[in-house]
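Visitor: I'd like someone to walk me through this model and explain the words people use for it. Could you start once it is on the screen?

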Protein chains: 2
Amino acid sequence: MNHGEIEQLVETMAKKARTASLRLAQASTNEKNQVLLGLADLLEESSDAILAENEKDLADGRKNGLNDAMLDRLLITPERLKQIALSVRQVSELDDPVGETIETITRPNGLEIRKIRVPIGVIGIIYESRPNVTIDCAVLCLKSGNASLLRGGREAFHTNTIFASLISRALEEGGLSPDAVQLIPTTDRYALNCMLKQDANIHCIIPRGGAGLIRFVAENSLIPVIKHFEGVCHVYIDENADAKMANEITINSKCQRPGVCNAAETLLIHETIATDLLPQIAQSLAEQEVELRVDEKAAAILGKTEIPFQPAKPGDWTEEYLAPILAIKVAPSLEAAIDHINAHGSGHSDAIVTADETAAQKFLSGVDSAAVYWNASTRFTDGFQFGMGAEIGISTDRLHARGPMGLKELCSYKFTVTGNGQII
Amino acid sequence: MNHGEIEQLVETMAKKARTASLRLAQASTNEKNQVLLGLADLLEESSDAILAENEKDLADGRKNGLNDAMLDRLLITPERLKQIALSVRQVSELDDPVGETIETITRPNGLEIRKIRVPIGVIGIIYESRPNVTIDCAVLCLKSGNASLLRGGREAFHTNTIFASLISRALEEGGLSPDAVQLIPTTDRYALNCMLKQDANIHCIIPRGGAGLIRFVAENSLIPVIKHFEGVCHVYIDENADAKMANEITINSKCQRPGVCNAAETLLIHETIATDLLPQIAQSLAEQEVELRVDEKAAAILGKTEIPFQPAKPGDWTEEYLAPILAIKVAPSLEAAIDHINAHGSGHSDAIVTADETAAQKFLSGVDSAAVYWNASTRFTDGFQFGMGAEIGISTDRLHARGPMGLKELCSYKFTVTGNGQII
């Protein structure tokens, strides 16, 4: 396809999505759930076909020299497919956020104003190599009454395509328009540019992928973007921290799954307890094979032990390692720790460990992040852990949604106003 | 200043605003109110100086050939200044939205999660010629705990500058940093471009002005923008409408103040009552000197009367006249009216007049607009009328804020999570 054809294609798809979204916004919970349950069945019934398409992507990936981690991200196994179908059924069991009255206001002039939760409309999802995102995102958009336009990565093209065709079938069998979920059928980069200009028909863009993709989308989109950016998360150990708890929370925040956005990247420790506590915690981290990058004061303390460490460079305080590496800094005070986090963090998830409630309240209120913890691991920042039942991501923006983004956060609202002839 | 200097200046101001915002987010309601009350006093005390600066803007405007309407937008009179000071005092009386617990979730593992309303952070306000916007916006941002960076229009430069210096004084006298409200001290267009790239320090941009300005901002901003776009609003008269009410709501929606975004631009009327009712309503509109631009069916009806009208062109169904002009279309059904509004409207404010509750509910739920009315004028879409006490504008976006945007909508939220050592 040439550029003109791609432009035309994307515009036509976006218009169809907009039309489908108006109908989908009116669909009953039962209608939407029937589509989801139908899709879960179709995914299981089509296992052989899905694995065959997935094998094409894997073969292309091997040919193109993808590394093992990247191939693993592409891979669909029978077990993973079962998990995907299960998660679709779980979304069908979640409460439908659409139609809920958020607020009722009766005005002195007799007008009755209701603020009602409604779908956003059309959501554009832009993602990279994991094909399960096709199902996950389509399903969450569908349950929240939003039409979606999906733009997946080139590497997963065959798998995404069969997933999208099964979603279409489930929609049709459930009596809804297949235009409610559409996959852009080309991986030409130009299609992404066209999609980001469709502000007349697409109401929100959610990019799911690395920092490079997110920045490209934010820079080129005329459509509001909800960014799910990096997590440079901190654990701060206050002078009144319980030593065992401090150790456990640090290890869990850093090591339980280092490659995710809510893992800790920097440990801050109060000066008055650093001499006693830092060697113990550093020892635990060393046992987990975590590389330590430390400031001068921490180096002075650890220099008296056998624990290996490196001096931190300025860039270490702002880096999202996504790896078993931890920056460590000794903080002269609670206030210094809060200032460090606000200056160097990414506003994602930060924890204080302390037995002192006053210090904790200062930290909870002073740290300007989506989720701030007192005596708990940063790893809890997650839609499931927060009781939302599911999440489409964790927003690092401050508008619309901040932190885990579930079904309610995939909604907007409208005002309905009932009168008996009022004029102004 | 050359481009490099402007870039440096705007970046420095944005960084200062970010720092000030962290402190301002922690300010007590009383601290913020003292600044507001101090500002109101300063505005009244400085009346002579303000009017002198305003006269400079007016003189420049006359020299540059501004028309009377534009000069009137610039003009500050003693009476208008009193009104501005009064509105500042009124904002001091509004509830402080910051710190409110929106939701509490206790998880099975004992974690207590609180969703708490917090300021957005730093808000950039970009506006055109009305200098009172400097005060209005600064005050709403301040009360909601947000630092603001203001970029006003060239025409009001002197008035904006003295207003900003009075705000600085009020902040300092109230013990808050003057960096919490800063006016960009140059009207060079390049400063606007620089401001829109400051996504590390500015969290939200609100443009207040014409469609051209808003589009420029949306196209060039790396920062999320909340758009306050045009209102192509409709009144639909259903077959079961009360004739007197239909007439009153149409006249009020169109004529009470034609130049505002919540004024009606199109009248839709159901076919079965159009023959009887349209001539009456058209007569009332003609008495108000409203120009009628009508479709073929309406022309056939009005052709039998003496009422003047023009045939509507395709562009009439999407135009925001902001003037005493009304497009009129005969709709074959309720569904056709809903479809017309969703296809041609701007999603702002639309009304149905009907005695039939089923029809009304279909309309309220099917019309995809920020505010949908049953038997009331579209003119009520307004922060004051909705009981918000004030508004910074009316959002035509669907993310974060839709419809009137008050103090709560100038806030984000954060999660605070309290545990006793929980790890995942």
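Guide: Sure, let's begin with chain A, where four strands make an open sheet in the order β5-β4-β3-β6, with parallel pairing. Keep in mind that this is a predicted model, where local features need pLDDT of at least 70, side-chain atom pairs count only at pLDDT 80 or more, and totals for chains, interfaces and linings use all residues. Residues are numbered from 1 along each chain as its sequence is written, while chains are lettered from A and ligands numbered from 1 in the order in which they are written.

Visitor: What makes β5 and β6 of chain A the edges of the sheet?

Guide: β5 (181-183) and β6 (204-208) of chain A each have a single partner strand, so one side of each is left without a neighbour in the sheet. Neighbouring strands of this sheet are turned by 20° against each other on average, direction ignored.

Visitor: How do you know that β3 of chain A pairs with β6(A)?

Guide: Strands (DSSP runs of E, at least two residues; helices are runs of H or I, at least four, and both are numbered from the N terminus) pair if DSSP finds at least two bridges between them. Five bridges join β3 (residues 122-127) of chain A to β6(A), so the pair meets that rule. Across this pairing, A:G124 stands opposite A:I205.

Visitor: Which helix of chain A lies across β3 and β6?

Guide: That's α9 (residues 211-220) of chain A, running at about 160° to β6(A).

Visitor: Now chain B. Why are α2(B) and α5(B) called roughly antiparallel?

Guide: Helix α2 (residues 29-45) and helix α5 (residues 78-93) of chain B pack at an angle of about 170°, with their axes 9 Å apart. Axes are lines fitted to C-alpha atoms, for helices over the stretch in contact, and angles run from 0 to 180 degrees between N-to-C directions. Under 35 degrees counts as roughly parallel, over 145 as roughly antiparallel, 65 to 115 as roughly perpendicular and the rest as oblique. About 170° is over 145, so α2(B) is roughly antiparallel to α5(B).

Visitor: Which residues of α2(B) and α5(B) make the contact?

Guide: Being in contact means that C-beta atoms, placed from the backbone, lie within 7 Å. Among them are B:L36 and B:L43 of α2(B) and B:I84 and B:V88 of α5(B). The residues of this contact divide into 10 nonpolar, two polar and two charged. Here Ala, Val, Leu, Ile, Met, Phe, Trp, Tyr, Cys and Pro count as nonpolar, Asp, Glu, Lys and Arg as charged, and the others, Gly among them, as polar.

Visitor: What makes the relation of chain B to chain A that of a two-fold axis?

Guide: Copies are superposed by least squares on the C-alpha atoms of residues with pLDDT of at least 70 in both. A rotation of 180° with 0.0 Å of shift along its axis puts chain B on chain A (RMSD 0.0 Å). That is the relation of a two-fold axis. In chain B, B:H400 comes closest to the axis, at 1.8 Å (C-alpha).

Visitor: How do you know that the copies meet through the same surface?

Guide: 100% of the interface residues of chain B are also interface residues in chain A, so the copies meet through the same surface. On each side of the contact, 56 residues of chain B touch 56 residues of chain A. β16(B) gives the most to the side of chain B that touches chain A, with 11 residues.

Visitor: Which strand of chain B is joined to β16 of chain A?

Guide: β13(B): five bridges join the two strands, which run parallel. One bridge partner there is B:Y373, matched with A:V417.

Note on methods: Contact = placed C-beta atoms within 7 Å.
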